[in-house]
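Hi everyone, thanks for coming. Let's walk through this one together, and please have the model open as I talk.

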Amino acid sequence: MFPVELRGTRARTLMWAHEHEVEQAALRQLRNIAELEWVHGVRVMPDVHLGKGATVGSVIAMREAVAPAAVGVDIGCGMEAVRTSLTAAELPDSLRALRSRIEAAVPVGFAAHDDPVNVTRLQGEITGRRATTATLRAGWDRFWAAFADLDSGVHSRESKAHKQMGTLGGGNHFVEVCLDTDDHVWILLHSGSRNIGKELAERHMAAARKLPHNQDLPDRDLAVFLSGTPEMEAYRRDLTWAQEYAARNRAVMLALVCKAVRDEFAGLPVTFEEPISCHHNYVAEEIIDGVPMLVTRKGAVRAGAGELALIPGSMGTRSYVVRGKGNADSFCSASHGAGRRMSRNAAKRQFTVADLAAQTQGVESRKDAGVIDEIPAAYKDIDEVIAAQQDLVEVVATLRQVLCVKG
């Protein structure tokens, strides 16, 4: 059944969604992307929907060029998950106290830590994890020393960047406690590079729009940097740093949540397995059709053969741990989630707090007007999204939320 080819594109565009199921604005956006002379090919995931500049759920292979909008403003946004030794039988009837403890440990929305997280103290507080807390501080000083090399316009944001390390943010970012089909407890979280990634992205997108070779594009938001130019070098430098910030942010946050879980279940010997981590807004150098390419994934994960990835649903539905099949037709990619089926404003107009409470029944979470735009009905059916990519991934674990922290 899939993939299907999008009609009317210069660069070959394969979709794991039917054309009639995709909003017209997103289809126009995909055709604009495929029109760029540097684009070798576009791959479209089943969670596809309209994005800023470039489409969410798109994978773009470019020859010696990259479009900052094809990465997005939340550089390095992604997922992290860990299976715990806890089981459903060990959870209390109410998870409100655990949610409060997690919310106290991890600032949400625009909030930040009062002081930067002391990762030296944090590492070692969690036992049974081989590669996160034990290595949390690895490269820490080298990473922060590189801040001075970033775009000079963000240098005044260093203190804020330190304090936002290990914070959630808002929108579709979350921390969840889930159960798999064997009733083992998992921790699952979604976040990115916070304000510093956004500021770096916006500065480079603005710079790209001013370059002479971008003046006649079908969409100026698709402005590109070209290899061998100082503008590309500056973007790749800042992008690489922001992607590392996002990964470190998730690692610190996961350690904070694991500590909160251990503190809540102090009478039990709680341990944590090896975490699974993946970006879904990023750039990578990969071989596509035998040729080195710059590949951007915006709202898509890498699904190389045997590689683990995470595909969440919404705050009232299932999420999935998957293993990639290395499908070359998709540029070894898969979806990053369920994908929105309506805008945030549309969701706020259509649904009520009562609707939210009904659709998140059984999940310990906020049920107020501030998160109506994250109501499950605003998202596509995650099971249909997973079914559409059976040739891209295999399901390793199915998770259902019992607790969700939103910004």
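**How far to trust the model**

Let's begin with residues 127–134, where pLDDT stays under 50 and the model has 23 contacts beyond four places in sequence. Remember that this is a predicted model. Where pLDDT is low, the predicted coordinates should not be read in detail. For the chain overall, the average pLDDT is 95, and 97% of the residues score at least 70.

Now to the charged side chains. Side chains of opposite charge can pair when their charged atoms come close. How many salt bridges does a search of the whole structure find? The search gives 29.

Please find Glu 364, in the loop between helix H9 (353–359) and helix H10 (382–387). One salt bridge joins Glu 364 to Arg 96, at 3.7 Å from N to O. Arg 96 belongs to helix H2 (residues 96–105), so this pair ties together parts that are 268 residues apart in sequence. Glu 364 also forms a salt bridge with Arg 99, and here the closest N and O atoms are 2.8 Å apart. Arg 99 is in helix H2 too, so this second pair ties together parts that are 265 residues apart in sequence.

Are these three side chains buried or exposed? Glu 364 is buried, because its relative accessible area is 13%. Arg 99 has 12%, so it is buried as well. Arg 96 counts as exposed because its relative accessibility is 54%.

For a pair within one helix, go to helix H6 (residues 194–209), where Glu 202 and Lys 198 are four residues apart, about one turn of the helix. They form a salt bridge with the closest N and O atoms 3.0 Å apart. Glu 202 is partly exposed, at 36% relative accessibility, and Lys 198 is partly exposed, also at 36%. Elsewhere, salt bridges that share partners join Arg 340, Arg 344, Asp 373, Glu 374 and Lys 406 into one network.

Arg 340 brings us to the rings: its charged end sits over the ring of Tyr 379, 4.9 Å from the ring centre.

The structure also holds 10 aromatic pairs. One of them is Trp 241 with Tyr 245, a tilted pair at 5.6 Å centre to centre, with 35° between the planes. Why are these two separated by about one helical turn? Because they are four residues apart in helix H7 (residues 230–264). Both Trp 241 and Tyr 245 are buried. They belong to one aromatic cluster with Trp 140, Phe 143, Trp 144 and Phe 147.

How values were computed. Residues numbered from 1 in each chain as written. Predicted model: local features only at pLDDT ≥ 70, side-chain atom pairs only at ≥ 80, totals over all residues. Heavy atoms only, no water. Phe/Tyr/Trp six-rings, centres within 6.5 Å; stacked < 30°, edge-to-face > 60°. Buried < 20%, exposed > 50% of the residue type's maximum accessible area, 1.4 Å probe, protein only. Lys NZ or Arg CZ within 6 Å of the ring centre and 35° of its normal. pLDDT = per-residue confidence, 0-100. Contact = heavy atoms within 4.5 Å. Salt bridge = Lys/Arg side-chain N within 4 Å of Asp/Glu carboxyl O.
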